[in-house]
Amino acid sequence: MTRREKRSSGSSIVRYSLIAGVIGILIIIAGVLSFFVDQASRQAPFDIQPPPGSAWWGTSEELSNSRNVFYRVNDTVENVVAYYQQKMNEHYGDSVEQCVRIPPTGEAPPSPTGQSIPFKFSCMFDRSGFRSTQYTLVEIYPGLPNVDPALDAEGMTIVKYEQLWQS
């Protein structure tokens, strides 16, 4: 082997080692950046598109990292639940997660303080991750009559978003 051939093979090992090292560093930097971008995306509410024809009805208990949002939908509870079940299937990528009816059958006992919701469905959309929390619990229930026109929801379906996210 000539001197030139020795130098050529030695320098190619060094060159390949440097290239592999640079690629490794780039992969680590990309992973760290990806982690921080993911964490930043969880610092806002996880919004689920409400059903077509729904109308925003208000918010309550707004804090720096949580809120409740209400919608009224001029449709049946069953159709609204089917809409959110489809959204859950899309979110989780399967049909294992289900909206849960409370109580499972019949109606809840009436409240001694006045009107009460006879039943509700709960659908959990969770996007929590490593050291982060972000979810929207969707509750769906029949609207109740009220003498105040702004609060009257008889014949409608109410959708409540309980949202919590990382602050």
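Which residue in E4 stands opposite Arg101? Phe121 does. The rest of this report works outward from that pair to the sheet, the helix on it and the core.

First, the ground rules. This is a predicted model, so local features need pLDDT of at least 70 and side-chain atom pairs count only at pLDDT 80 or more, while totals for chains, interfaces and linings use all residues. Residues are numbered from 1 along each chain as its sequence is written, and side-chain values use heavy atoms, with hydrogens and water left out.

**Layout**

The protein has 2 helices and 6 strands. Both kinds of element are DSSP runs (helices are H or I with at least four residues, strands are E with at least two), numbered from the N terminus. Read from the N terminus, the order is α-β-β-α-β-β-β-β. Of the 167 residues, 28% count as buried; buried here means under 20% relative accessible area, exposed means over 50%, and partly exposed is in between, with a 1.4 Å probe and protein chains only. The protein exposes about 10,900 Å², and carbon and sulfur atoms supply 59% of that. Those areas come from the Shrake-Rupley method with a 1.4 Å probe, and for residues only the protein chains shown count as cover. As for contacts (heavy atoms within 4.5 Å), take those between residues at least 6 apart in sequence: 56% of them join residues at least 24 apart.

**The sheet**

The 6 strands make an open sheet in the order E1-E2-E6-E5-E4-E3, with antiparallel pairing. Strands E1 (54-60) and E3 (100-102) stand at the edges with a single partner strand each, so one side of each has no neighbour in the sheet. From one strand to the next, the twist averages 25 degrees. Two strands pair if DSSP finds at least two bridges between them. E3 and E4 run antiparallel and are joined by 3 bridges, while E1 and E2 pair in the antiparallel sense over 6 bridges. Ser54 has Val73 in E2 as its bridge partner. The hairpin of E1 and E2 has 5 residues between the strands, and in it Glu61 takes a positive phi near 50 degrees.

Back at the E3 edge, the peptide bond from Ile102 to Pro103 is cis, with omega near -10 degrees. Pro103 sits in the loop between E3 and E4.

**Three residues side by side**

| Residue | Location | Relative accessible area |
|---|---|---|
| Ser60 | strand E1 | 24%, partly exposed |
| Glu97 | loop between H2 and E3 | 37%, partly exposed |
| Ser122 | strand E4 (residues 120-126) | 12%, buried |

Leaving aside neighbours within four places in sequence, Ser60 is in contact with Arg67, Asn68 and Phe70. Ser60 and Glu162 are 102 residues apart in sequence, yet 9.7 Å apart in space, C-alpha to C-alpha. With the same kind of neighbours left out, Glu97 is in contact with Gln85, Met88, Asn89 and Tyr92. The C-alpha atoms of Glu97 and Cys123 are separated by 8.6 Å, and these residues are 26 apart along the chain. Ser122 touches residues including Gln98, Cys99, Leu137 and Val138, not counting residues up to four places away in sequence.

**Helix H2 and the core**

Helix H2 (residues 77-92) lies across E2 (66-73), E4, E5 (134-142) and E6 (157-165), running at about 20 degrees to E4. Axes are lines fitted to C-alpha atoms, for helices over the stretch in contact, and angles run from 0 to 180 degrees between N-to-C directions. At 1.5 Å a residue, the 16 residues of H2 should span 22 Å, and the end C-alpha atoms are 22 Å apart, which agrees; the expected span is 1.5 Å times one less than the number of residues. Just after H2, Gly93 takes a positive phi of about 80 degrees.

Which residues of H2 are buried? They are Val77, Val80, Val81, Tyr83, Tyr84, Gln85 and Met88. Their cover includes E2, E4, E5 and E6.

The largest nonpolar core has 20 residues, and among those with the most contacts inside it are Tyr84, Phe125 and Val138. E2, H2, E4, E5 and E6 each supply at least two residues of this core, and H2 gives the largest share, 6 residues. Such a core is a set of buried Ala, Val, Leu, Ile, Met, Phe, Trp, Tyr and Cys residues joined through side-chain atoms within 4.5 Å. Val138 is in contact with Tyr84, Ser122 and Tyr161, among others, leaving aside neighbours within four places in sequence.
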